[in-house]
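I opened this notebook to keep track of what I looked up in one structure. The entries follow the order in which I went through it.

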Amino acid sequence: MSEQDGSAAVRDEVAAARRIVVKVGSSSLTTAAGGLDADRVDALVDVLAKFVDGPGGPGGLGGLGGPGGSGDVEGKEIVLVSSGAIAAGLAPLGLERRPRDLARQQAAASVGQGLLVARYTASFARYGRRVGQVLLTTDDTSRRAHYRNATRTLDQLLAMGAVPIVNENDTVATDEIRFGDNDRLAALVAHLVRADLLVLLSDVDGLYDGDPRTPGTSRIAEVTGPKDLDGVSIGSAGRSGVGTGGMVTKVEAARIAAAAGVPVVLTSASRAGDALLGRPTGTFFHRTGRRSADRLLWLAHASAPRGALTLDDGAVRAVVERRTSLLPAGIAAVEGEFTAGDPVELRDTEGRAVARGLVNFDAKEIPRLIGRSTRELARELGPAYEREVVHRDDLVVLHT
């Protein structure tokens with residue numbers, strides 16, 4: 001359904017959200033030539049700090065008034081997922097455009113991340129707020145212990161009144177362990193911190209039913225489910241050349257978050273205040289599912305399989321339909337090089353991926369386990385082999 005700006009309605013679910021993840025893209029923070037735009041960063045912080053402070057804080061909410069204005073807004077907890085590290089590092093390193101090779105991207109991120117956090121630190125300090133830097137890779141979040149550590153750090157920062165600034169750790173992330181874009185990272189962080197709302201800020205004021213630059217297209221006000229997007233043409237690139245995302249990644253992120261029970265507002269950075277107040281700006285994605293076991297969402301959407309196990313038909317039914325653990329007896333083949341704890345893909349005999357899980361054995365150990373019972377293996381190799389190859393608590397079924 002489409003909607004014109006100017007409706008006086010307030011999205012109650014949005015206005016009532018207390019813990020919010022806000023994601024902002026590179027194009028909203030930097031100049032086209034690369035380098036941070038201090039005025040843009042300050043403008044965003046001006047809005048966010050006022051919501052964190054609440055009506056009684058030093059920032060106040062005076063200029064935001066109106067429906068859902070200062071009288072109705074309490075201090076909120078905000079986690080900011082911010083792109084911009086690589087873009088911020090371009091100009092200082094004399095790069096005219098975002099490099100394609102990983103090594104120079106990492107170098108730019110190394111320079112730019114410090115500049116980005118320093119700018120946020122100074123900007124939030126105007127409101128008496130501290131920030132905390134949290135850099136993540138998929139490895140940090142698909143493994144159980146690392147996932148718990150990330151959760152505790154973010155929760156503690158919020159409890160102490162700091163604003164977490166989250167970004168992918170581009171300096172060390174390789175192609176195999178990258179989220180790929182911060183839109184998806186933001187959706188996963190929203191689930192990680194049990195957020196009430198995800199706000200995706202872009203250089204476009206919402207999702208349109210076609211190219212927004214084409215006359216006759218309309219903004220889609222609400223998305224209640226995937227069917228609402230049938231026939232909608234979604235572009236593949238943003239307007240600027242400094243980021244990696246586009247509308248495709250934002251819609252995918254919204255889908256991930258909504259399916260995990262987190263509603264989403266997609267709008268432009270210039271309308272962040274209206275979005276957080278619950279005014280009908282941008283596109284509102286209703287939640288379509290319930291919250292699931294936290295880490296499994298990361299396993300499904302953020303992990304990169306290091307190898308694959310082919311399952312026989314009986315094992316496929318057991319894993320997919322009965323949601324059981326994968327035992328050695330159900331494995332037909334193994335491929336790839338991985339170690340215990342790595343994510344692996346579970347495939348049927350036709351080569352289709354049916355699940356993903358964290359494996360309990362190294363790749364080189366599995367050939368001698370194939371097709372054998374755990375009792376037999378324990379008798380021959382010792383009690384350490386009387387266990388699952390992938391435990392059901394470390395396994396997620398893929399809906400393909």
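Entry one, salt bridges. Before listing any pair I fixed the rule: a salt bridge is a side-chain nitrogen of Lys or Arg within 4 Å of a carboxyl oxygen of Asp or Glu. I also noted that the model is a predicted one. Under this rule I get a count of 20 salt bridges.

I looked up D42 and R119, whose side chains meet in such a bridge at 3.1 Å, N to O. D42 belongs to helix 2 (residues 38-53) and R119 to helix 4, so this pair ties together parts that are 77 residues apart in sequence. Are the two partners buried or exposed? D42, at 17% relative accessibility, counts as buried, whereas R119, with a relative accessible area of 25%, is partly exposed.

Next I turned to D155 and R194, which form a salt bridge with their closest N and O atoms 2.9 Å apart. Because D155 lies in helix 6 (residues 144-159) and R194 in the loop between helix 7 (182-192) and strand 5 (197-202), the pair ties together parts that are 39 residues apart in sequence. I noted D155 as partly exposed, with a relative accessible area of 21%, and R194 as partly exposed too, at 38% relative accessibility. Both residues belong to a network of salt bridges that links R19, E77, D155 and R194.

The last pair I looked up was D348 with R352, where the closest N and O atoms are 3.0 Å apart. Here D348 counts as buried at 9% relative accessibility, while R352 is exposed, with a relative accessible area of 52%.

Entry two, the sheet. In what order do the strands of the open sheet run? I find eight strands with mixed pairing, in the order 3-4-2-1-5-7-8-6. Strand 3 and strand 6 (222-223) stand at the edges with a single partner strand each, so one side of each has no neighbour in the sheet. I then looked at strand 7 and strand 8 (residues 283-285), which pair in the antiparallel sense over three bridges; V264 has F285, in strand 8, as its bridge partner.

Entry three, the nonpolar cores. I kept in mind that in soluble globular proteins nonpolar side chains tend to be buried together. In this model the largest nonpolar core has 43 residues, and those with the most contacts inside it are V21, V166, V189, L198 and L207. Among the elements that each supply at least two residues of this core are strand 2 (77-82), strand 3 (131-136), helix 8 (247-259), strand 7 (264-268) and helix 10 (294-301). Helix 7 gives the largest share, seven residues.

I followed L207 further and, leaving aside its neighbours within four places in sequence, found contacts that include I220, L229, I234, M247, V251, L266 and F285, as well as S218, R219 and T283. Apart from this core lies another, of 32 residues, among them V22, Y120, L276 and L277.

Entry four, the surface. Which residues form a nonpolar patch there? I find L93, V111 and L115, which together have about 210 Å² of accessible area. L115 lies in helix 4 (residues 102-125), and at 40% relative accessibility L115 counts as partly exposed.

Notes: Residues are numbered from 1 along each chain as its sequence is written. This is a predicted model: local features need pLDDT of at least 70, side-chain atom pairs count only at pLDDT 80 or more; totals for chains, interfaces and linings use all residues. Side-chain values use heavy atoms; hydrogens and water are left out. Patches are made of residues with over 30% relative accessible area and no salt bridge: like charges are joined within 9 Å, nonpolar side chains (Val, Leu, Ile, Met, Phe, Trp, Tyr) within 5 Å. Accessible areas come from the Shrake-Rupley method with a 1.4 Å probe; for residues, only the protein chains shown count as cover. Helices (H or I, at least four residues) and strands (E, at least two) are DSSP runs, numbered from the N terminus. Buried means under 20% relative accessible area, exposed over 50%, partly exposed in between (1.4 Å probe, protein chains only). A nonpolar core is a set of buried Ala, Val, Leu, Ile, Met, Phe, Trp, Tyr and Cys residues joined through side-chain atoms within 4.5 Å. Contact means heavy atoms within 4.5 Å. Two strands pair if DSSP finds at least two bridges between them.
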